[in-house]
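This report looks at strand pairing and at charged side-chain contacts in one protein chain. Please keep the sequence and the model in view while reading.

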Amino acid sequence: MDGCLTLHYALAEYGIDSRVEAMILEVEGNGTHSRYGGKGPHYNANGTFNGHAVLVVPAADRLLDPTL
């Protein structure tokens, strides 16, 4: 989430529109499987975020994941 917001505000400085979107992310490899936001991305009562986020940049027709 932090990486998406940082990039979102940086792009806004150059007049580039973007939006943060919550999503479910599944990662598989070497016999392991991890799922983030599996019951739906959401905020917990303590303010932490459970899930994954990406940055959508419509003008560039791109979806960016600054955490990878």
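Two strands are taken to pair if DSSP finds at least two bridges between them. The model discussed here is predicted, and in it strand β6, which covers residues 52–57, pairs with β7 in the antiparallel sense over 3 bridges. Within these two strands, Val-57 stands opposite Arg-62 of β7.

Both strands belong to an open sheet of 3 strands, ordered β1-β6-β7 and paired in the antiparallel sense. Its edge strands are β1 (19–23) and β7 (62–64), each of which pairs on one side only. On average, and with direction ignored, neighbouring strands of this sheet are turned by 35° against each other. Helix α1, spanning residues 2–13, packs on the sheet and touches β1, β6 and β7, and the direction of this helix makes about 15° with that of β6.

How many salt bridges does a search of the whole structure find? The search finds 2, and they are set out below with the distance between the closest N and O atoms.

| Salt bridge | Closest N and O atoms |
|---|---|
| Arg-19 with Glu-21 | 2.7 Å |
| Arg-35 with Glu-26 | 3.5 Å |

Side chains of opposite charge can pair when their charged atoms come close. In the pair listed at the top, Arg-19 is partly exposed, with a relative accessible area of 40%, and Glu-21 is partly exposed at 31%. In the other pair, Arg-35 is partly exposed with a relative accessible area of 48%, while Glu-26 is partly exposed at 42%.

Definitions and conventions. Residues are numbered from 1 along each chain as its sequence is written. This is a predicted model: local features need pLDDT of at least 70, side-chain atom pairs count only at pLDDT 80 or more; totals for chains, interfaces and linings use all residues. Side-chain values use heavy atoms; hydrogens and water are left out. A salt bridge is a side-chain nitrogen of Lys or Arg within 4 Å of a carboxyl oxygen of Asp or Glu. Buried means under 20% relative accessible area, exposed over 50%, partly exposed in between (1.4 Å probe, protein chains only). Helices (H or I, at least four residues) and strands (E, at least two) are DSSP runs, numbered from the N terminus. Axes are lines fitted to C-alpha atoms, for helices over the stretch in contact, and angles run from 0 to 180 degrees between N-to-C directions. Contact means heavy atoms within 4.5 Å.
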